[in-house]
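Q: Could you take a close look at one covered part of this model, and then follow the backbone and the strands outward from there? A connected account would suit me better than a list.

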Amino acid sequence: MKNFIFCLLFIGINLNAQSNLPNVPLTNLEGKKVSSTADFSEKDQLYVFSFWATWCTPCISELDEINDLMPEWKKEVDFKMVAVSIDDSRTQKRVKPLINGKGWEFDILLDSNQDFKRALSIVNVPYTIVVKNNKIVHVQNGYVPGNEVELLEKLKSLK
Amino acid sequence: MKKVVRLICLSLLPVLSFSQQNNSVFSGGFESNAQWYLNDKGLKDEFNNPTSHPEDPLRSNNYLFVNYAYKNWSFGIQGESYVQNALLNMNPKYNETNVATYFARYKTEKIDITAGYYYEQFGSGLLLRSWEDRALGINNALRGVRIIFKPLDFITLKSVYGQQRTGFDVTDSKIYGLDLEFDLKTAFKFQTSDLTVGFSYVGRDEEVDLPVQDFEDLTNAFAGRVSFSHNAFYVSSEMNYKAKDAVVQVNNQVNNRLVKPGSALLLNTGYSKKGFGIDATFRRLENMSFFSERGAKGNDFNDRLMNFIPSLTKQQHYNLANIYVYQAQPGVFLADEDLVKAGEIGGQLDLFYDFKKGTALGGKNGMKVALNMSSWNALSGTFYIFNPQDYQTDFFSFGKRYYTDFNVEITKKWNNKWQSAFSYINQYYNKQMVEGTDGVVYSDIVAAEATYKFTATKSIRVVGEHMWANYEKKNWASATVEFNLNSKFSFYAVDLYNYGNELEYQRNHYYNFGGSFRKKSTRVALSYGRQRGGLVCVGGVCRNVPESSGISLSLNTSF
C-alpha cells in the first residue's frame, strides 16, 4: 500500500498539468462513429466534455444549468459543449428521449462500454474536462451547484 | 510484490521525462476505498443480535492504473491491492496485491489490435460484454487478442479470443467471438435516415468432466441486430440464440439433467423532438444465463459473467426506492409448482416532457416531467419438475408477475435561488419469485427535495422521503441534508429509519455523516455511519452487502 502511494506521488510530481486527450472511438446519437480527438480538433476552439449518465442526478442538474445559461455565456466566450453519456445498454435507450425532453442543445456522444471514461481514469460521473487543441486544460471531478460559475470563469481565462 | 511496484515506478521515470518533451501521452488514475468496520450494539439483526465487525476490520480496495500512449501505440497496466482484505462481500478471489490487468495496443484508422486484457461488448451485450465496475467488484476483462478491422468506412469487423479474468487469475475456458457491423447510412449515403445492421458469433469452450455428456464442450451463440432512425423516430431490435447446453440451476452443479437452448429478443422504439420524448422497450429472455464456466451460475459475486443482462427498470436515485430492486431473471429454476422460472418477459416505457418557459405550467423558468413504467413477468408454459425435468414455454405469454414500477418525477426551477423536485414511486416486488424466498411487497414512495443557493457556490439541498410497504420491513422514512460550503467542500447527513418494522428491536436508524473535498481531478470523502444490508446496484447489476457500521474513506484522482 505504501508503495502504491509512493508511486502515485512520484508520478504526480513528474507530470505535466497539460495532458493530451486520448483518441477513443465513440458514437453519436445517429450511430455515426466519432473520434474523441480528430472530430474535436478545431484550432484554439474550447471544447467542454461533460461525462454524465441518465441515472446520475447531479449530472443532470449540471447539464440543465449549463443549458439554461449557455445563451448568455456564449456572448462572453465561444465554446462547444459535448455531453458524453456513459450509460450502458440498460439505460442508453433513454438518452435520446431524455435530452430531447430536456431540450439540451449539446453534442451528445455515447461511450457505451466506457472506453473513454476508462482512458481518462474517471471513477465517477459527473466529471468535466475542458479541451483546447486536443489538450486537457481543466478538470472538474464532481458537481455541486455553483461549479458552473467557476467553469465560466475558467473558460474566459482560457479564451 | 513490493519489488514489482518499485520496478514499475522506476521504469516510468524515463518515460515520464520523455513524455513531457514530445507528443506522447502519459495518464492514469488511482482509486482507494477503505473501510474501518466497527462493532455496533444498537444495530440489531432479525434475531436481535448486535452487529459485530468482521475479521480484519480495516479493509480497503485500491486500484492504480497507468497508461502510456505514443503515436499509434498505447500500453497500460492496472495494479490492485486488497489490504487487509477486500471490502465485505466482495469476491473472495480479490485477496492480494498484484498486477491485475495489462495490455499493449496498436491502433490506426483501419486496424486496432490489442494484446493482453481488453474490454469488449457486442451489440447490447446480451451475448458478450466484458467490463469493469469497481463498486460491484466486477472486472471480467478478457485476456488474449482482439482485432478490430475496418476494411471500408462502413464496415467494422471485430474478432476476439481470450480467457476471462476471475480474481487475479483467468478461467481455463476459452472464449471466441466475431462481430460484424454495417453502417448502411454511409454505404448508401442516406440523407435523413440511419440504418445499421450487425451480426455476432460467440463461442465458449469449456471442458466438462462428465462420464456421459449430452452437450458439447463448445457452446455456440449467434445474434443479429438492426437499428433504424428517421428524423425524430427510431427503432432497433436484437435477436440472440444460444445453442443447447447444460442448464445449471444451482451453483457448481453441472449435469445432464436438463439440456436446453436459450434465446433473447430485444425491441426498442421511440420518438423524440425538442421538449418531448417517448421510449418503449420490450424484452423476452429464455435460459440466457451465460458464464465463462458453466458452474459459475448462481455465484454471489458476479464472477465469470459473460453477458450483460441488466434489469430494464428505472435506476432510482432516492434511498427508499432502492430497497426493493428488481434484478433481471434470465435463468432457469424449476423448484416446485409455485416456483418455476425459465426467463422473463416484459417492458418499459419512458416519457419526458418539458413545459416551456412562459407557459401556464412552465412559469418563468420551465418545468420538467419524467414518467416511467416497467413490468416484468415470468414466462408461462408447461413445466415438468421431476423425471425427467423439462419445460416448454409459450412465446408471447405472461406467467407470474415478478415486478412492476410506476413512477413520476417533476423538477421545477423557481428562480435563480430555488429549485425543487417531487417524485412518486409505486412498486410491486414478488420476493418469492425473484429471490426464491416468500411474500410479495407492495410499496408507495414519495420523495420531495429542494435546493437553495445562498451565493453562487454555496448551497443547501434537503430531501425528505417516505415509504409505505405492506410486508417484510414495512414502513420507512428518510431525510437527507447536503450542504455545499463552496466548490471544494461538501458535507451531508442522512438517515433512513425503519420505524414501521414489526420487530421493535429492528426499528433501526441507518445514519451516515460525511464530507468531501474536491480539487481538480481529485476527490476525497470521509464518512461515518451504518450500511443497510441488501442489494447495492450499479447499472442494473447488483451486489449483496451485509449490514455494517463504521468509518469509510475514499480517494480518487486521475493524472
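A: The buried residues of H3(A) are A:Val95, A:Lys96, A:Pro97, A:Leu98, A:Ile99, A:Asn100, A:Gly101 and A:Lys102. The model is a predicted one, and in it this helix, which takes in residues 95-102 of chain A, is mostly covered, with 8 of its 8 residues buried. To count as buried, a residue needs 20 or more other C-beta atoms within 10 Å of its own, and the two lysines, A:Lys96 and A:Lys102, are among the residues of the helix that are listed as buried. Directly after H3(A) comes A:Gly103, which has a positive phi near 70 degrees.

Further along chain A, the backbone has another feature to note, since a cis peptide bond with omega about 0 degrees joins A:Val125 and A:Pro126. The proline, A:Pro126, lies in the loop between helix H4 (115-119) and strand E7 (127-132) of chain A. Most peptide bonds are trans, and most residues other than glycine have a negative phi.

Chain B also holds a cis peptide bond, which runs from B:Val83 to B:Gln84 with omega near -15 degrees. B:Gln84 is placed in the loop between strand E5 (73-83) and strand E6 (97-107) of chain B. Two residues of chain B have a positive phi although neither is a glycine: for B:Glu472 the value is about 60 degrees, and for B:Lys520 it is about 45 degrees. B:Glu472 is found in the loop between E26 and strand E27 (476-484) of chain B, and it counts as partly exposed because it has 17 C-beta neighbours inside 10 Å. B:Lys520, for its part, sits in the loop between strand E29 (509-519) and strand E30 (522-531) of chain B, and with 13 other C-beta atoms within 10 Å it is likewise partly exposed.

The strand E26, which borders the loop of B:Glu472, leads to a set of antiparallel pairings. E26 covers residues 459-469 of chain B and is joined to E25(B) by 11 bridges, the two strands running antiparallel; within this pairing, B:Ala448 has B:Gly464 as its bridge partner in E26(B). E25(B) and E26(B) form a hairpin, with 5 residues between them. E25, residues 440-453 of chain B, is in turn joined by 13 bridges to strand E24 (residues 418-430) of chain B, again in an antiparallel arrangement, and here B:Ala421 is partnered in E25(B) by B:Glu449.

These strands belong to a chain with 3 helices and 33 strands. The C-alpha trace of chain B spans about 70 × 60 × 60 Å along its principal axes, and its radius of gyration of 25 Å agrees with the value near 24 Å that a compact globule of 559 residues would have. Of these 559 residues, 41% count as buried. Among the contacts in chain B with a separation of 6 or more, 55% come from residues 24 or more positions apart.

Finally, the two chains meet: 74 residues of chain B are in contact with 49 residues of chain A. On the side of chain B that touches chain A, the residues divide into 24 nonpolar, 34 polar and 16 charged.

Technical notes. Residues are numbered from 1 along each chain as its sequence is written. Chains are lettered from A and ligands numbered from 1 in the order in which they are written. This is a predicted model: local features need pLDDT of at least 70, side-chain atom pairs count only at pLDDT 80 or more; totals for chains, interfaces and linings use all residues. Two strands pair if DSSP finds at least two bridges between them. Helices (H or I, at least four residues) and strands (E, at least two) are DSSP runs, numbered from the N terminus. A residue is buried if 20 or more other C-beta atoms lie within 10 Å of its own, exposed if 12 or fewer, and partly exposed in between; C-beta atoms are placed from the backbone. The radius of gyration is taken over C-alpha atoms; the globule rule is 2.2 Å times the number of residues to the power 0.38. Two residues are in contact if their C-beta atoms, placed from the backbone, lie within 7 Å. Ala, Val, Leu, Ile, Met, Phe, Trp, Tyr, Cys and Pro count as nonpolar, Asp, Glu, Lys and Arg as charged, and the others, Gly among them, as polar.
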